[in-house]
Amino acid sequence: MPAPKTKRTLAALAALAAVSTLAACGDDDGDSSGSDASSSPSASESTSAGATASSEAAGSCEYVEEGGAAKEVDLPPSVPTVSGKVPVTIETTAGTIGATLDAAATPCTVNSFVSLAEQGFYDETPCPRIVTEGIKVLQCGDPTGTGSGGPGYRFADELTGSETYAAGSLAMANAGPDTNGSQFFVVYGESDLAPNYTLFGQVDPAGLKLIEKVAADGHDNSHPAGGGTPNTPVDITKVTVG
């Protein structure tokens, strides 16, 4: 489901109420947790493909400061520093999750993720919510663990409108169109989400199995829109690019 440090609401996810939105929050404002478990992450409304296309056409990205940052970081460079397929390793207390980011399809999103990773933004942060009914996702990227923390900036969606979120998909949580920040989610099972969340990478099979195992251990049902804190803690200790 997230400008300067926005704390958006995973609310977006929550939008799906029934399916409540995954709220995945991408933004940083609210609770990025994704609202509901069954809903699409952010319940976005319209795809901001237009805004995204203009920024990509210019060969640069716009990161708008907004709100307060959960951890102080510099804005990502306006010109992406990586291209093509970008491997990353996410070390967690539950095990290692490998992933490949697609900078060709989503240059500004990957540029932001890489910048935050290299500045240590994701280090020692929890993945506070897992949803096991409806949408099946693990949400991470908020140092506060509340679903409302972010990097203090937001940026536009990079959507085609035809996104599908198969198991292993790595996507941005948000609180509505163009509210991406630091929060992201991994899809680990069948999830019928609307194409409102920027799909910027894929988790490897071993990482997917790890998340499936965490999901099988359940959660504490603490999130009002569905899901909750994993019974098996998943705290990111380090994200390495390359």
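Biologist: What does N221 count as, buried or exposed?

Modeller: In this predicted model, local features need pLDDT of at least 70, side-chain atom pairs count only at pLDDT 80 or more, and totals for chains, interfaces and linings use all residues. Residues are numbered from 1 along each chain as its sequence is written, and side-chain values use heavy atoms, without hydrogens and water. N221 is found in the loop between α4 and β11 (235-241). Its relative accessibility is 59% (buried is under 20%, exposed over 50%, partly exposed in between, with a 1.4 Å probe and protein chains only), so N221 counts as exposed.

Biologist: What is phi of N221 near?

Modeller: Most residues other than glycine have a negative phi. N221 is a residue other than glycine with a positive value, and its phi is near 55 degrees.

Biologist: Where is E124 found, and at which relative accessibility?

Modeller: E124 also has a positive phi, near 55 degrees, and is not a glycine. The residue is in the loop between α3 (107-118) and β4 (125-126). E124 counts as exposed because its relative accessibility is 61%.

Biologist: Which residue just after α4 takes a positive phi?

Modeller: Helix α4 covers residues 205-216 (helices are DSSP runs of H or I with at least four residues, strands runs of E with at least two, numbered from the N terminus). Just after α4, a positive phi of about 80 degrees is taken by G218.

Biologist: How many Å does α4 reach from its first C-alpha to its last?

Modeller: Helix α4 has 12 residues. At 1.5 Å a residue, counted for one less than the number of residues, the expected span is 16 Å. The reach of α4 is close to that expectation, at 16 Å.

Biologist: Why are the buried residues of α4 on the same side, and which residues are exposed on the other?

Modeller: The buried residues of α4 are G207, L208, L210, I211, V214 and A215. They lie on the same side of α4 because they cover an arc of only 160 degrees around the axis, taken from the directions from the helix axis to the C-beta atoms. What covers them, by contact of heavy atoms within 4.5 Å, includes β3 (95-102), β5 (129-131) and β10 (199-203). On the other side, the exposed residues are P205, A206, K209, K213 and A216.

Biologist: What separation is there between the C-alpha atoms of E158 and T106?

Modeller: E158 has its place in the loop between β7 (153-154) and β8 (169-172). With a relative accessible area of 5%, E158 is buried. E158 and T106 are 52 residues apart along the chain, yet the separation of their C-alpha atoms is 5.9 Å.
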